[in-house]
Amino acid sequence: MIRILFAALLTLPLQAYETTGLQVEHRSNPVGLDDSEPRFQWQLTGDEPGLSQTAYQILVASSAEILAGGKADLWDNGKVASPFSHVTYAGKVLPSTTGIHWKVRTWNADGEASPWSEDQHFTTALIGSQPSAPWISFKDTTPFHKDRQKLHLPAPRYYRKQLSTDKKVTRAIAYASALGIYELHLNGERVGDAYFAPGWTNYRKRAYYNAYDLTSQFQQGENTLGAIVADGWYAGYVAYGKLVGYGPFKTGRNIYGKTPALMVQLELSYDDGSTETITTDSSWKVATGPEFEADFLMGEGYDARKELGAWSGNGYDDSKWQNAIPAADNGSHKQVFIDRFKKEEQEFGFVEPPVLQAYPAQPVRITEEIPAESVSELKPGTFVFDLGQNIAGLIRLQIKGEAGQKITIRYGEMLHPDGRLMTENLREARSTDIYICKGDSKGESWSPRFTSHGFQFVELSGLKEKPPLTAVTGLVMHSDTPFSSGFECSDPLVTQVYNNAVWTQRGNWIDLPTDCPQRDERMGWTGDAQIYAASAAYHADVAAFFKKWLRELEDAITPEGYYPSYAPYPFGHGGAIHGTAWSDAGIIVPHSLWQATGNTVFFDAHWPAMTRYMEARKKHDPELEGSAFGAPWGDWLNVDDETPHEYIDLCYFAKICQQMAEMAEAGGHGDEAARYRDWLATLRANFRAHHLQEDGSIEPSSQSAYVLALDCNMLTDPAERRATADHLVKLLASKAGPENTGMSTGFLGTKPLLPVLTDTGHHDLALSLMQSRKFPSWGYEVKNGATTIWERWNSYTEEHGFGGADGKMNAAMNSFSHYAFGAVTEWMMSTLVGIAPAEPGYSKILLHPHFPTKSSDDTDQEPISWVKAHHDSPQGRIAVSWKRQDDGSLLYEASVPPNTTAELILPETSPWTSDEPQTKSQEVGPGQHRFIVK
Ligand code: RAM
């Protein structure tokens with residue numbers, strides 16, 4: 001036996017390296033792609049030092065059998081000489097509603113071929129067309145809700161339709177969408193694991209549909225389709241609409257429409273080659289179920305005594321259910337929509353979304369369960385559970401109760417000193433779920449599904465006895481973007497800041513990049529997104545996620561061509577729809593995504609809108625001096641250190657001109673690049689003329705004014721930059737004290753603060769801010785128990801609790817899960833660890849670590865003595881660690897993925913022993929590298 005195995009092993013070809021990590025449109029094996037020219041990408045894996053690709057071949061076939069036979073009926077591009085590990089589809093027209101199978105092999109520099117990759121597959125949705133099934137609804141006889149003071153929380157609706165097929169089904173693909181949020185069911189079971197489908201869009205312009213491959217669950221004979229549809233963003237409460245009185249009748253609900261609707265189109269293929277399409281129509285039945293209310297912001301109510309049983313199974317008695325009606329039959333409901341800028345009559349009856357596209361990203365899923373760490377009794381019958389981690393999502397309730405017993409579930413991110421939930425920061429989001437027990441003697445279990453909460457603490461009331469810890473389990477929910485990094489260092493507090501930022505991203509990646517997961521806001525604020533996009537792309541593969549959101553951003557452009565302050569844009573708020581540094585997300589986010597992924601589609605797909613925006617911005621500021629452009633969000637949430645709007649605008653305009661020029665060059669728009677470079681030169685000249693003094697100081701003299709001048713490259717000469725940075729250092733020192741770091745930057749100034757300090761020779765100061773436990777700092781938050789990044793530096797202070805540094809803060813606008821200040825992780829990865837793209841998509845890598853130096857021995861924390869981090873780039877994993885050794889030397893190790901090169905910049909002498917370490921740059925190739933610097 002052993003001998004045979006040995007012989008078999010010997011005859012196996014030696015597998016030098018493999019082609020792995022295959023993705024199509026930045027997803028692995030997705031169901032429902034409607035891109036006619038999807039992008040395919042792959043990686044090379046193997047230990048061979050210097051491994052690189054010289055050629056590749058891709059096969060794309062319309063069935064697994066064809067591909068298994070080594071054939072490709074859709075595309076075989078032959079052996080193509082190329083170093084690029086991605087290609088845009090250029091085969092035969094991709095058929096709709098088809099399982100597509102593909103694989104890739106590559107050749108290395110010695111001309112050896114890898115084995116074929118594992119077979120990959122995806123299912124096309126409708127390419128070049130869209131679902132055309134009729135939209136249905138329940139007959140909605142309730143009057144339009146008019147009372148702003150009173151919550152109106154309608155029950156979700158259950159829909160079902162039993163169908164018979166005589167022939168054998170060989171393929172069953174369903175396309176479904178809702179105005180509202182929905183779950184699809186088949187034969188008694190929920191289909192898929194997505195939450196909040198089909199996502200938030202401006203439903204009047206566009207909605208997404210989801211594709212489901214039901215083939216394996218479909219039976220010959222009888223099958224039943226079901227769906228549950230709740231209000232969601234379409235008809236429910238949205239953001240702070242209720243708080244400020246927006247929408248029809250100022251209620252903050254029915255922002256897009258009055259009555260939710262459903263659309264299902266089932267495409268069946270039979271074994272005789274024929275096909276059939278089954279759609280929603282008025283033969284579908286509809287009823288209410290156990291949920292008596294379900295709202296994204298307000299929470300869900302469930303009466304378990306009213307459960308429907310196998311409502312989506314065959315043979316279910318739906319004789320008491322009503323017939324669904326065409327959604328349009330609920331009639332026209334014209335009302336005046338009110339927001340900050342308008343009072344305008346709009347249609348709130350059914351309006352069919354003119355564009356339906358396949359949902360382009362990973363769905364929101366439950367990705368982790370968190371058991372409760374402790375439970376304490378607040379008062380008789382009321383108990384507070386602590387998960388030990390601030391999350392967004394849901395809980396699973398597991399209890400025993402009597403029939404009719406009402407359990408009220410409330411959520412909070414923090415506790416007051418007396419143990420009560422801190423709910424002031426939820427504002428008008430009720431964030432309360434209600435469960436009414438059916439009285440099952442074996443116990444009962446329930447999770448809401450059409451709502452989401454931001455919380456660490458869960459309060460149960462209405463209990464008769466102390467519940468076990470297992471009564472509450474946290475269900476972590478977010479857009480399921482694959483994680484792509486890890487960071488650890490010798491200072492556990494800094495490690496925790498990194499993890500807190502990742503947790504904050506998880507808490508806010510709910511279909512779109514939201515600002516916060518707990519209060520009545522949860523909007524795609526553009527300023528926050530642009531500040532954080534590069535960090536986000538370190539933490540996770542966010543390409544598909546941003547592909548979706550960039551469409552919503554473009555849909556929300558103003559008539560002048562300005563990107564908005566948030567997208568989707570349900571209503572107008574603040575000083576204007578747009579604003580400096582917020583609207584600029586329309587340029588900065590595509591640039592960040594291009595850098596992280598190497599894919600130019602992030603700007604190619606939006607180029608006309610982006611250039612129109614640039615023109616509109618120029619028209620607003622023809623002299624290129626910086627202007628008050630839109631809403632004055634400014635250096636949001638700085639600590640009493642305002643920077644004038646016009647000045648910020650000047651710097652940000654320069655930043656986006658530079659980025660546009662780079663993208664124009666990469667996209668083959670050379671003449672446009674020259675134009676943006678001209679503008680940039682004028683903006684810089686105006687900066688010099690109006691803001692720069694001879695001694696390098698800047699007027700205005702806020703910390704962020706300095707930081708932005710340096711970050712936006714208003715100054716480019718290294719000596720000049722250093723002179724200006726010296727003033728920034730003095731400013732920081734002038735505010736610092738035994739209890740204070742001296743930092744006073746807000747959203748815009750904080751992200752680039754540490755990068756510009758390092759860049760201008762003040763890395764030790766950057767490190768001491770990073771490691772500080774004083775106020776304000778990341779460490780101060782961690783010291784006070786933070787497990788996510790806070791919205792404000794003073795969201796909580798030891799002296800004033802939730803009242804802010806001076807006790808006067810608005811505790812209601814005080815999120816404990818807001819990622820803007822978490823953008824410091826970009827500096828941790830790119831600068832402290834030193835992993836960054838030298839070329840977009842990491843085809844060339846910059847490995848430039850920055851170590852504490854000898855001088856930092858006298859800061860108040862033990863200087864960081866080692867780091868260990870990785871990032872899964874499009875080319876594969878880049879791993880770096882460095883360590884101060886006992887003899888004072890430096891051990892640096894890096895792993896560079898195949899098919900890349902890296903520019904490695906290391907000191908020539910140990911940074912811990914020499915006063916002025918010089919650096920040396922060298923090129924290293926794929927493989928493991930180890931250096932000891934004495
Ligand atoms: C707040 C949001 C967001 C910020 C805007 C200006 O309400 O939470 O973080 O970008 O305002």
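In what order do the three strands of the open sheet stand, and is their pairing parallel or antiparallel? The views below are taken from a predicted model.

**View 1. The open sheet has the strand order β1-β3-β7.** Pairing among these three strands is antiparallel. The edges are occupied by β1 (residues 18-24) and β7 (residues 86-88). Each of these two edge strands has a single partner strand, so one side of each is left without a neighbour in the sheet. On average, neighbouring strands of the sheet are turned by 20° against each other, direction ignored.

**View 2. Strands β1 and β3 are joined by five bridges.** β3 covers residues 39-45 and runs antiparallel to β1. One bridge pair consists of glutamine 23 and its partner in β3, glutamine 41.

**View 3. A shell of residues surrounds the ligand.** Four tryptophans belong to this shell, namely Trp525, Trp582, Trp633 and Trp636, together with Phe747. Also around the ligand are Asp515, Arg519, Glu521, Asp528, Glu791 and His818. By class, the shell holds five nonpolar residues, one polar residue and five charged residues.

**View 4. Side chains of arginine 519, aspartate 528 and histidine 818 lie opposite oxygen atoms of the ligand.** In the case of aspartate 528, a side-chain N or O atom is 2.6 Å from a ligand oxygen. For arginine 519, the distance from a side-chain N or O atom to an oxygen of the ligand is 2.8 Å. For histidine 818, the corresponding distance is 2.8 Å. The ligand taken alone exposes 290 Å², and the protein buries 97% of that area.

How values were computed. Residues numbered from 1 in each chain as written. Predicted model: local features only at pLDDT ≥ 70, side-chain atom pairs only at ≥ 80, totals over all residues. Heavy atoms only, no water. Pairing = 2+ DSSP bridges. Helix = DSSP H or I, 4+ residues; strand = E, 2+ residues; numbered from the N terminus. Axes fitted to C-alpha atoms, helices over the stretch in contact; angles between N-to-C directions. Near = heavy atom within 4 Å. Polar contact = N/O pair within 3.5 Å; in protein donor to acceptor, adjacent residues only side chain to side chain. Areas by Shrake-Rupley, 256 points an atom, 1.4 Å probe, with all protein chains shown as cover. Nonpolar A, V, L, I, M, F, W, Y, C, P; charged D, E, K, R; others polar.
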